[in-house]
Each structure stands twice: as structure tokens, then as C-alpha cells.
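Q: Could you walk me through this structure feature by feature, giving the general idea each time and then the case at hand?

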There are 2 protein chains.
Amino acid sequence: MVSIPVSIPVVNRGRLALAVPVASRALKRWAGGDRSQKHKQMILDEKKRTTLADVAVAAGVSKMTASRALRGAGDVSKAKADRVRQAAKEIGYVGNHLASSLSGKRSDLIGVVVPSVENIVFAEVLAGIADGIEGSDLQPVFGVTDYDLDKEYDVVRNMLSWKPAGIIVTGLDQSDATKRILENADVPVVQIMDVDGIPVDACVGLSHFTAGKEMAEALLKMGRKRFAYVGCGLDRDTRAAKRLSGFQAALSENGLAFVATRIGRARSTVKAGRDLSAEVLASHPGLDCIYYSNDDLAVGGAYHCIANGVAVPDELVLAGFNGLDLVDSLPIRIATTRTPRREIGRAAAEIVLNSNHGGGVGTERRKQFHPAIDIGV
Amino acid sequence: MVSIPVSIPVVNRGRLALAVPVASRALKRWAGGDRSQKHKQMILDEKKRTTLADVAVAAGVSKMTASRALRGAGDVSKAKADRVRQAAKEIGYVGNHLASSLSGKRSDLIGVVVPSVENIVFAEVLAGIADGIEGSDLQPVFGVTDYDLDKEYDVVRNMLSWKPAGIIVTGLDQSDATKRILENADVPVVQIMDVDGIPVDACVGLSHFTAGKEMAEALLKMGRKRFAYVGCGLDRDTRAAKRLSGFQAALSENGLAFVATRIGRARSTVKAGRDLSAEVLASHPGLDCIYYSNDDLAVGGAYHCIANGVAVPDELVLAGFNGLDLVDSLPIRIATTRTPRREIGRAAAEIVLNSNHGGGVGTERRKQFHPAIDIGV
DNA sequence: CTGAAAGCGCTAACAC
DNA sequence: GTGTTAGCGCTTTCAG
């Protein structure tokens with residue numbers, strides 16, 4: 001981290017007019033009336049806004065030539081092309097994606113369906129997707145399902161009706177109805193985060209079952225024996241449930257099982273993690289390890305331990321999942337599985353990009369990441 | 001937090017087939033060829049997909065009647081309406097938003113422009129927007145600017161070409177060019193997070209200048225005298241800069257100024273906060289308060305203090321901004337300004353909803369929240 | 001290289 | 001109530 005001590009400018013001092021009236025033009029426009037009469041002849045015919053035809057007229061060519069010039073398709077003489085671009089800029093032509101997408105038979109929209117955006121993990125996936133489509137003219141449309149299968153169906157359906165260039169949905173465990181419309185949609189479908197199952201088209205993610213299993217094995221190797229599990233929303237988050245499955249599988253292979261289990265109903269938050277940890281530690285003395293459904297909860301556990309003088313990791317090992325930023329700088333070390341969120345998002349976007357580009361299914365249909373386990377020393 | 005100890009089911013045990021081949025039908029379809037010949041007569045005429053016309057035929061009515069029935073517009077006899085809906089469901093009609101939006105003159109898209117999605121704050125705003133449009137048929141399209149004014153222009157421009165029902169952009173400090181296209185767009189524009197300035201149409205947020213000022217006043221009242229400032233990316237995050245302005249204003253009113261200042265160039269992360277805090281505390285002994293540009297950095301500072309035995313808040317007070325979840329459960333108390341992210345998102349969405357609904361500008365054009373200051377006792 | 005015609009799928013306007 | 005006629009703004013033919 002480079003840091004530069006500088007003198008700090010007082011910003012915008014003069015502009016901090018706090019109770020200024022709103023620009024009235026904008027207001028009136030918004031209210032519906034008064035279309036500004038920039039072109040006199042428009043007053044009567046109520047012409048809406050500049051279209052390709054306007055550009056064509058301004059450039060003295062046909063609509064088609066203008067169209068071709070603007071998007072660099074087909075062959076247009078350099079002279080005319082320049083003229084068109086110039087004209088477009090001058091009259092402030094913006095274009096209408098609805099029209100072009102309808103005409104072509106696919107839009108530049110890329111649908112993204114996630115269970116939640118408040119979870120930083122999905123926010124990072126979105127960032128990865130944004131990365132991945134950078135440079136292309138795709139625009140992400142997103143929908144949130146709240147881990148609700150019916151809502152997911154609605155969102156996917158709605159999304160498909162925009163004829164997107166591709167659709168990225170979280171997880172492999174959609175309802176049958178959702179899978180059906182996805183399959184019939186004739187659009188590349190990329191399912192992300194998970195690879196434990198059969199994708200509709202392609203998937204990119206990691207095996208949560210394996211992740212849970214490997215974490216358990218690592219902890220067992222450290223000599224841990226008395227495990228507790230703390231999780232939230234397992235009924236809806238199937239990936240967390242898969243990790244748990246894997247973890248349990250490893251335990252039973254070693255003749256062990258969870259000593260205690262706490263499943264919260266609320267969202268996974270640091271606070272929930274702290275509270276649940278306090279509960280389970282109080283009711284089950286002698287635990288030497290807690291596996292959490294994710295890092296948020298684990299950090300809550302860490303806070304509890306710091307506040308109550310529990311020696312981590314000597315006395316008690318805490319293990320989360322994801323490898324979030326806030327885990328790295330924690331004053332105490334906890335174990336976690338470092339998942340490549342951005343990379344998953346980016347890879348998903350690229351799959352959509354490639355498949356659309358016409359190249360076909362050249363890309364892998366199952367891209368599996370193998371996240372590293374960090375036992376926090 | 002309610003917690004329920006339950007027996008944990010091993011999920012999907014039988015389905016964890018890890019290296020299964022992808023459904024080949026989907027593949028072939030995706031590859032471009034082989035449109036499944038569900039309707040024999042379609043083999044020849046290569047009819048693309050079910051449209052409103054198909055529904056109309058299936059229901060034995062005209063396209064118009066089908067259209068009206070499907071969206072509950074105009075008057076359609078109950079009998080026919082039912083017939084249409086039935087037919088639509090049977091043939092799996094999905095509809096085409098591109099076409100309907102082009103025909104009507106506005107889409108059901110709502111554009112959302114944020115500087116970053118990795119910052120949990122904006123993720124929460126998005127969640128609020130999702131809340132706000134719940135129930136309406138609006139779909140959010142988002143664009144990320146990375147705090148880059150040029151990129152912001154491109155994103156806004158691109159977004160406008162979808163003729164969205166409204167557009168929500170972060171902050172009041174767009175470039176002039178961006179403001180211009182926003183003004184001319186004939187679309188409700190809601191600028192969020194900030195109210196220190198003049199909005200294009202409407203804004204909802206808080207005064208960051210005031211927030212900084214009030215925080216300083218609260219800290220001064222606690223008797224703090226030797227202040228340091230730690231921030232990241234101030235050149236791009238104008239709102240953080242405004243808070244800093246306000247804070248400085250309060251200091252100088254009391255004849256004080258920052259003893260030390262550390263401006264990082266990287267993104268605001270917990271780690272950056274920890275590192276910068278270590279630096280500034282090492283180089284400036286005797287500080288009794290650090291003001292951070294946000295909570296992420298402040299939490300980093302808290303971690304540093306915990307790890308190094310600095311007594312917080314007795315010896316040193318740490319102050320952030322936002323009131324994030326992870327601050328609440330921290331083992332030590334830090335000061336922060338609690339911003340209503342979700343509420344801002346929801347309010348912005350509602351403004352778009354209302355203005356579109358035709359109701360006009362009945363809603364306030366400047367919705368200011370007054371965030372509470374939590375000095376963390 | 002360029003342009004004219006014909007839609008993409010749907011919905012406002014008007015008829016009936 | 002219901003159907004017909006025109007487009008929305010652009011792009012894909014297919015002639016020149």
C-alpha cells in the first residue's frame with residue numbers, strides 16, 4: 001500500500017448550496033408537458049427525438065448507409081462514413097437499442113440472476129462479470145431471487161423476454177420449470193458458483209461438496225476432534241448445504257460427527273455469527289473447532305472469541321468459507337476456503353461472449369475452480 | 001436471533017455426479033444448428049419462436065385481443081380472455097419486451113449507475129432498489145463506472161439508449177456532458193447518495209459535508225484534540241471529499257486542524273485501513289482520534305489497535321462512515337455515521353415509479369436523510 | 001459500395 | 001367488445 005501525505009483541498013466549497021431550487025426546465029419536462037422546441041418545425045409535427053433517419057438526412061445519405069457507417073458493418077466509403085459519424089455527433093444521435101435488438105434478433109443485454117446482492121460475495125461476482133464484458137457492448141441486467149425458487153422462475157422468465165445475449169444464473173439447483181424455460185430459450189446459459197450437478201449449458205464454479213470435505217480433512221489433520229457447525233439459511237442456500245455434506249462425509253469417514261449444530265434462520269451476518277457462536281460455545285464446552293457456513297458468520301465467531309478471551313486458534317479453531325477481505329486482516333487467524341468470485345464472474349461473462357460471437361461451444365462447458373484452503377496457520 | 005438445532009440432512013447425495021457430460025440437446029442448440037422440431041410443420045418454414053400471433057391463432061382471436069387479454073388492458077370478454085391466457089400458457093408463450101417497449105415508447109428497464117459493486121454500500125443500495133421496484137415490472141439494468149467520469153458518460157449514454165423508465169445515478173457530480181444527456185433524455189433522473197448540489201431532476205441522499213461536520217463536532221465534544229485523517233481515493237470519491245471538507249470546517253471553527261493525513265491510492269479495504277493506520281500512528285505519536293473516509297478503513301484501524309494493544313476508545317477514538325454490519329459486532333467500539341443505504345435505494349426506485357406512473361412530480365425532488373451519528377461510546 | 005423494400009413483435013389509434 | 005391499420009427505429013435481404 002503506497003500512501004502519500006498530501007495537503008487536503010477543501011472541495012466544492014463554493015458549490016455547497018444546500019437548499020437550491022431544482023432546475024425548472026428538467027422539472028417541467030419530467031412533468032410531461034413542454035417539450036423544448038429546439039427545432040422550430042418540430043413544434044407542429046411533435047417529432048419525438050433524433051433517429052437514424054435524422055442522421056441520414058443530415059449526412060445526405062440513406063438510412064442504410066448511415067446505419068452501416070455507425071456500426072462499422074458492411075462496406076461504406078470512408079468519405080461517407082466520416083460524414084455520417086460527424087453528423088451523428090453533431091445532432092447528438094443516441095440510437096435505440098430496443099429497435100436494433102428487435103430487428104437483429106438478439107439484444108446486447110446479459111441477464112444475471114443472483115440470490116442476493118447484499119452478500120458481498122455476489123457483489124464481487126457482479127464485479128467480475130462487469131470486468132468480463134468490459135470492452136464488449138453487453139450491458140448487465142440483473143435480478144435478485146432472495147433464494148426463492150418461484151421468484152427465480154419469474155425473474156428468469158422476465159429476463160428471457162428481453163432476448164438477452166446470454167444469461168448467468170447462480171447455482172445448478174433451479175426448479176424444473178426454470179430449467180425448462182432456460183433450455184428452450186435458445187440463449188447461452190451459464191450457471192455459476194457450483195459444479196456439483198448437471199448444467200443446462202455450461203457452468204463455472206467449484207465443488208462445494210469437495211470444498212467442505214477438504215476443509216474437514218485439513219482440520220482433522222490439525223488434530224481437531226470436537227466439531228460444531230454453525231450456519232444460516234441452509235434450507236435455501238443449497239451450496240452451503242453441499243459444503244456441509246462434504247464436511248460431514250469427511251467426519252464420518254474418520255468416525256466422527258458434529259458435537260453440536262446451530263442453524264440460524266436469519267440472514268448470514270457477522271452479528272448472527274457472533275450470537276450463534278456464543279450460544280454454541282456456552283452450551284457445548286470443550287469444542288475445539290467450529291465450521292461456519294461462511295466467512296460472515298465466522299468473523300462473528302472471531303469477534304466473540306476476541307471479546308471473551310477464547311484463544312484462537314490454539315484452544316478453538318474457526319473455519320469459514322470464501323476468503324473475504326475482512327478475514328485477512330482480522331487480528332486473529334481463522335481458516336477459510338478462498339473462492340475466486342471475481343474469476344468466476346469473469347469466466348461466466350467470457351463464456352457468454354464467446355458462445356455468442358458464434359464461435360460455438362469451443363469453450364469448456366464445465367469450468368471448475370479448485371479453491372485453496374487456508375487453515376489460518 | 002432465533003436458532004434451531006436440527007439434524008442436518010445430507011443433501012443431494014445421489015446427485016453429486018461430478019464429471020457428467022452436458023446435456024447434448026442443449027449443446028447442439030447452442031452451437032447454432034438443430035432447432036428441435038417440436039412442431040412438424042415448422043421444419044420447413046423455419047418459424048422462429050412462439051409469438052403473440054401464435055397465441056392468437058391458438059386462442060382463435062386476433063392478435064390485438066390476445067395482446068389486450070395478456071396484459072389486462074382494455075375490455076376483453078372474460079371468456080376470450082381466459083381462452084387466451086390458457087393458450088399462452090399451453091404453448092409456452094414468453095413475450096418479447098423489446099417489441100413491446102419499442103412499440104410503446106418506453107421500456108420497463110430502470111438504469112442504475114454505481115461507481116462500484118464491490119463496495120458493500122452500493123450493493124446495499126442495489127438491494128434497496130430491488131426492494132423498491134418489487135411488485136412493479138421494472139427490471140434493473142446496471143452499469144459500473146469505477147469512479148471514472150468518462151466511463152460514467154459512456155455507461156449513462158448506453159443506458160439511455162434502452163429508453164429506460166428511469167435512471168438512477170450515483171452522486172451529483174457528473175461531468176457536464178453526462179448531465180447534458182441526462183437532461184435531454186426525457187426520462188426521470190434520480191441522483192442518489194448526495195444532496196450537496198443541484199440535481200438534474202431529483203436526488204435522494206444525505207449531505208456529506210454536514211455528516212463530516214457533525215462527526216467532527218461530536219468528537220470535539222468528547223474532548224478529542226489531536227486528529228488524523230485516513231482516506232482512500234479522495235480524488236475520485238467526491239462524497240468522501242465532501243465529508244472531509246465538513247470535518248475540516250468544524251475543526252477550523254475550533255481553531256484546530258488535522259495533525260496528520262494519510263491518503264491511500266488503492267481501493268478502500270480493511271487491509272488498506274490497517275496498514276495506513278499503522279503508518280500514521282507510528283509517525284505521529286500522541287494522536288487521540290482518527291477520522292477515516294469510511295468504515296472499511298476504520299475497521300482496518302480497529303484491527304490494528306486490537307493487535308497492538310491500543311486502547312480504543314480511551315486512548316484513541318476511531319471514526320468511520322456508513323455504519324456497516326461488520327462495525328456493529330466489532331469487539332471494540334468505533335464511531336460511525338449510520339447511513340440509510342437501503343432506504344436511499346428504495347426511495348430512488350419509488351421516485352422513478354411514481355414519476356412514471358404519470359403522477360408527475362408530486363414527489364419531493366430532494367429527499368434528504370439525516371443520518372445518526374454513533375460515537376460508539 | 002449504396003439504396004429501397006420488407007419486416008422484427010408488439011401496441012396505439014381508429015374503425016366496426 | 002373486437003378487429004384492422006399503422007407504425008415504433010432499426011437491420012436484413014436483395015437489387016442496383
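**Reading the strands, the DNA surface and the backbone**

A: Strand β2 (residues 109–114) of chain B and strand β3 (residues 139–144) of chain B run parallel and are joined by six bridges. Two strands are said to pair if DSSP finds at least two bridges between them, and the helices (H or I, at least four residues) and strands (E, at least two) named here are DSSP runs numbered from the N terminus. This is a predicted model, in which local features need pLDDT of at least 70 and side-chain atom pairs count only at pLDDT 80 or more, while totals for chains, interfaces and linings use all residues. Residues are numbered from 1 along each chain as its sequence is written, chains are lettered from A and ligands numbered from 1 in the order in which they are written, and side-chain values use heavy atoms, with hydrogens and water left out.

Q: Which residue of β3(B) is the bridge partner of G111(B), and which residue stands opposite G111(B) in β4(B)?

A: In β3(B) the partner of G111(B) is V141(B). On β4(B), the residue opposite G111(B) is I167(B); β2(B) is joined to this strand β4 (residues 166–170) of chain B by four bridges, and the two run parallel.

Q: How should I read the connection from β2(B) to β3(B), and what is its handedness?

A: A crossover is called right-handed if, with the strands pointing away from the viewer, the path from the first strand over the helix to the second runs clockwise. Bridges join the parallel strands β2(B) and β3(B). Between them the chain passes through helix α7 (residues 120–133) of chain B, and this β-α-β crossover is right-handed.

Q: Why is β2(B) described as largely enclosed?

A: In a regular strand the side chains alternate between the two faces of the sheet. Six of the six residues of β2(B) are buried (under 20% relative accessible area, with exposed meaning over 50% and partly exposed in between, for a 1.4 Å probe and protein chains only), so the strand is largely enclosed by the rest of the structure. One side carries L109(B), G111(B) and V113(B), the other I110(B), V112(B) and V114(B), and all of these are buried.

Q: How do I read the protein surface near DNA strand C, and how many residues surround the strand?

A: A residue is near a strand if one of its heavy atoms lies within 4 Å of it. By that criterion 23 residues surround DNA strand C, and the closest are T65(A), R68(A), S77(A), L52(B) and Y93(B). Of the strand's atoms within 4 Å of the protein, 61% belong to sugar or phosphate and the rest to bases.

Q: Which parts of DNA strand C do the side chains of T65(A), R68(A) and K63(B) approach?

A: A polar contact is a pair of N or O atoms within 3.5 Å; within protein, one must be able to donate a hydrogen and the other to accept it, and residues adjacent in sequence count only if both atoms are side-chain atoms. An N or O atom in the side chain of T65(A) is 2.4 Å from a phosphate oxygen of DNA strand C, whereas one in the side chain of R68(A) is 2.5 Å from a base nitrogen. K63(B) has a polar side-chain atom 3.2 Å from a base nitrogen of the strand. Two or more residues of this surface come from each of α4 (63–71) and α6 (97–103) of chain A and α4 (63–71) and α6 (97–103) of chain B, and α4(B) gives the most, with five residues.

Q: What stands out in the backbone at P313(A) and D146(A)?

A: Most residues other than glycine have a negative phi, and most peptide bonds are trans. The peptide bond from V312(A) to P313(A) is cis, with omega near 5 degrees, and P313(A) is in the loop between α13 (295–308) and β10 (317–319) of chain A. In chain B a cis peptide bond likewise joins V312(B) and P313(B), with omega about 5 degrees. D146(A), although not a glycine, has a positive phi of about 60 degrees; this residue is found in the loop between β3 (139–144) and α8 (149–160) of chain A and is partly exposed, with a relative accessible area of 39%. Y147(A), also not a glycine, has a positive phi of about 60 degrees.
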